[in-house]
Amino acid sequence: MHELLPQGCEHPELRGLFLEVLLLLLLLVLVVVTFPNPMILSLAAAAAMSSGSSLNSSSPLDPFDSSTSWILAEDPSNSSSEPILRTMTPDLQPASTTVAVQEVSPWDIALCVTGTLISCENALVIAVLFYTPTLRAPMFILIGSLAVADLLAGLGLILNFVFTYLVDSSVEFVTLLSVGLLISAFSASVLNILAITVDRYLSLYNALTYHTERTVTFTYVMVVFIWVSCLTLGLLPALGWNCLRDESTCSICRPVTKNNAVALAVTFLLVFALMMQLYLQICKIAFRHAQQIAVQHQFVAISTTKGVSTLSAILCAFGACWLPFAMYSIVADSSYPVIYTYATVLPATCCSVINPIIYAFRNPDIQKSLWLACCGCVPSNLSLRPRTSSDV
């Protein structure tokens, strides 16, 4: 670990980068939060005008003509106070040119906001790792790979919202692109968490040889393998493994087939079981080290107990986020109510919100870089916290 910089130190490059990233992310949040309904309605009006002029060429409608007025009409068959479907029709327009506008689902808005938060957090992590030359150890390589995966997952959620409400979702290319990006990103996120668990285990099991060049090479090979595997999974729907031709075979996440969804869910359960086994071995090694160091027995026992509690919390949070969606993917299909799919997908996406907090922002070295970027100096007590097996 590099030495602490003295109080009042300045790091203009990191501070400028931090401010630029922060302003960009705040602008992105502002656009996402304020953009749903007004933009959709204005685009629908423009589409209605263009379709009206193309279908009725004998008497084209001028959108600026004072004799033509546009009204927002509700579906008369809907007796609820909040209309599910709205129609934009001019009072002089034939009924055949009515354009239906889909009401924005609150679940989709929640997923879009979650994706924006994921993108903000992980963009900050990537910027800190990229502009800090001292953070190049194997554990930081894996943290950076996890941040890239979660960043792509957040962008995938935002693009899915855009494709659903602003782009013609009947185009196969749009659907396959969206689902392929989400499958690749979330699969890479889960596998990178497994890789970080393996790295933690090796750092304790082979403590004397952990910092050798051999370990760095193994880490890069592991990262390349993860991304090649996940990109292959994301391409499978585009290569024909989809249910666009047979809707009866769809899973809860169209256009993924039921069989493919079950295979992905079973693979996740195997990954989760392997993580549990590795964390159990980490706890055993930590307790064995505590027993071997008799002089520091009290200090190490407290530190080990804290580390075990932290590892348990990490494992429980990961299982709570992903297990409901994995189990539901096995038992359900496209005939089940869509609200159940949303209720299990949203916690799974929240795992990518928690990951930067668990694996990046808790790390003392990354905390130092963040302090340098924010205020140009590091608190004097930051390096006094004892390192445990839970520190990545």
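1. A definition to start: axes here are lines fitted to C-alpha atoms, for helices over the stretch in contact, and angles run from 0 to 180 degrees between N-to-C directions. Contact means heavy atoms within 4.5 Å.

2. A word on the source: this is a predicted model, where local features need pLDDT of at least 70, side-chain atom pairs count only at pLDDT 80 or more, and totals for chains, interfaces and linings use all residues. Residues are numbered from 1 along each chain as its sequence is written.

3. The protein chain has 10 helices and 3 strands (DSSP runs, H or I of at least four residues for helices and E of at least two for strands, numbered from the N terminus). Their order from the N terminus is α-α-β-β-β-α-α-α-α-α-α-α-α. Of its 392 residues, 45% are buried (under 20% relative accessible area, 1.4 Å probe, protein chains only).

4. Now to a crossing you may enjoy: the axes of α3 (residues 106-130) and α10 (residues 364-375) come within 10 Å and cross at roughly 90 degrees. That makes α3 roughly perpendicular to α10 (65 to 115 degrees). Leu124, Val128 and Leu129 of α3 meet Ile366, Ser369 and Leu370 of α10 in this contact.

5. Do look at α6 too. Helix α6 (residues 213-235) has 23 residues and spans 33 Å from its first C-alpha to its last, close to the 33 Å expected at 1.5 Å a residue (1.5 Å times one less than the number of residues). Its buried residues include Met222, Ile226 and Trp227, and their cover includes α4 (138-165) and α5 (172-205).

Methods:
Heavy atoms only, no water. Buried < 20%, exposed > 50% of the residue type's maximum accessible area, 1.4 Å probe, protein only. Parallel < 35°, antiparallel > 145°, perpendicular 65-115°, else oblique.
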